[in-house]
Amino acid sequence: MNLARCTAPDGFNHPLASWSTAEWTNAVAGEVGEACNLAKKLIRHRDGVPGNKKAEDQDTDSLRRRIAEELADVVIYCDLAMASVGYDLATTVRDVFNRKSQELGSPYVLDGVRGESGLRSDEKIALRNSDNADGGVGGEDRH
Ligand SMILES: [Mg+2]
């Protein structure tokens, strides 16, 4: 969806290959910087430091919401940067997350196949066992 919107004439009309991977990752960094700048403004609130002049920067709830939105932009650009090197964001995040869990001996793994993200491996085993006991459909609803 993200790549389609990026490249489509009724989207951004921006061919993926028209930017290098360095340019896509630069866009990621730009969004990270926007999130960091807003987080700096939260720190000013925490520490009572002046400098938040804009009206929207007076409200910490607004700052938190805008940080979340900038972080969403980060993920959106990460998806395009990942596509620029021929990889899928969700699959790569799952694989890297699970490889680290394996290195650590941690039971926390992402499945991503059946929407079971966030379950520990022992929970997934229990889910699969309960699937087998009743014919197998709809196990996710038990959690
Ligand atoms: Mg942004």
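**Reading an all-helix pattern: a short tutorial**

Read along the sequence, the protein follows the pattern α-α-α-α-α. The model is a predicted one.

Q: Let's start with the overall make-up. How many helices and strands does the protein have?

A: Simply tally the secondary structure elements: there are five helices and zero strands here.

Q: What share of the residues counts as buried?

A: Burial is judged by counting C-beta neighbours, with 20 or more within 10 Å needed for a buried residue. In this protein of 143 residues, 8% count as buried.

Q: And what part of the contacts links residues 24 or more positions apart?

A: Take the contacts with a separation of 6 or more as the reference set; residues 24 or more positions apart account for 44% of them.

Q: Now a helix pair. How do the axes of α2 and α3 cross?

A: Look at the distance and the angle together. Helix α2 covers residues 21–47 and helix α3 residues 60–84; their axes come within 8 Å and cross at roughly 165 degrees. Angles over 145 degrees count as roughly antiparallel, so α2 is roughly antiparallel to α3. Handedness is a further descriptor, and the crossing of α2 and α3 is left-handed. As for the residue classes, the contact of α2 with α3 has 16 nonpolar, five polar and six charged residues.

Q: Is Asn 37 buried or exposed?

A: Again, count the neighbours. Asn 37 sits in helix α2, and it counts as exposed because it has 12 C-beta neighbours inside 10 Å; the cut-off for exposed is 12 or fewer. You can also set sequence against space: Asn 37 and Ile 67 are 30 residues apart in sequence, with their C-alpha atoms 8.8 Å apart.

Q: What does the span of α4 tell me?

A: Compare the end-to-end reach with the expected value. From first C-alpha to last, the 16 residues of α4 reach 22 Å, close to the 22 Å expected at 1.5 Å a residue. Just after α4, Gly 105 takes a positive phi of about 70 degrees.

Q: How many residues of α4 are buried?

A: The count is zero among its 16 residues, and α4 is hardly covered. For a single case, pick Phe 97, which lies in α4, residues 89–104. Phe 97 counts as partly exposed because it has 16 C-beta neighbours inside 10 Å, a value in between the cut-offs for exposed and buried.

Q: How far apart are Phe 97 and Leu 110?

A: Give both separations: Phe 97 and Leu 110 are 13 residues apart in sequence and 7.1 Å apart in space, C-alpha to C-alpha.

Definitions and conventions
Residues are numbered from 1 along each chain as its sequence is written. This is a predicted model: local features need pLDDT of at least 70, side-chain atom pairs count only at pLDDT 80 or more; totals for chains, interfaces and linings use all residues. Helices (H or I, at least four residues) and strands (E, at least two) are DSSP runs, numbered from the N terminus. The expected span of a helix is 1.5 Å times one less than its number of residues. Axes are lines fitted to C-alpha atoms, for helices over the stretch in contact, and angles run from 0 to 180 degrees between N-to-C directions. Angles under 35 degrees count as roughly parallel, over 145 as roughly antiparallel, 65 to 115 as roughly perpendicular and the rest as oblique. A crossing is left-handed if the near helix is turned anticlockwise from the far one by less than a right angle, and right-handed if clockwise. Ala, Val, Leu, Ile, Met, Phe, Trp, Tyr, Cys and Pro count as nonpolar, Asp, Glu, Lys and Arg as charged, and the others, Gly among them, as polar. Two residues are in contact if their C-beta atoms, placed from the backbone, lie within 7 Å.
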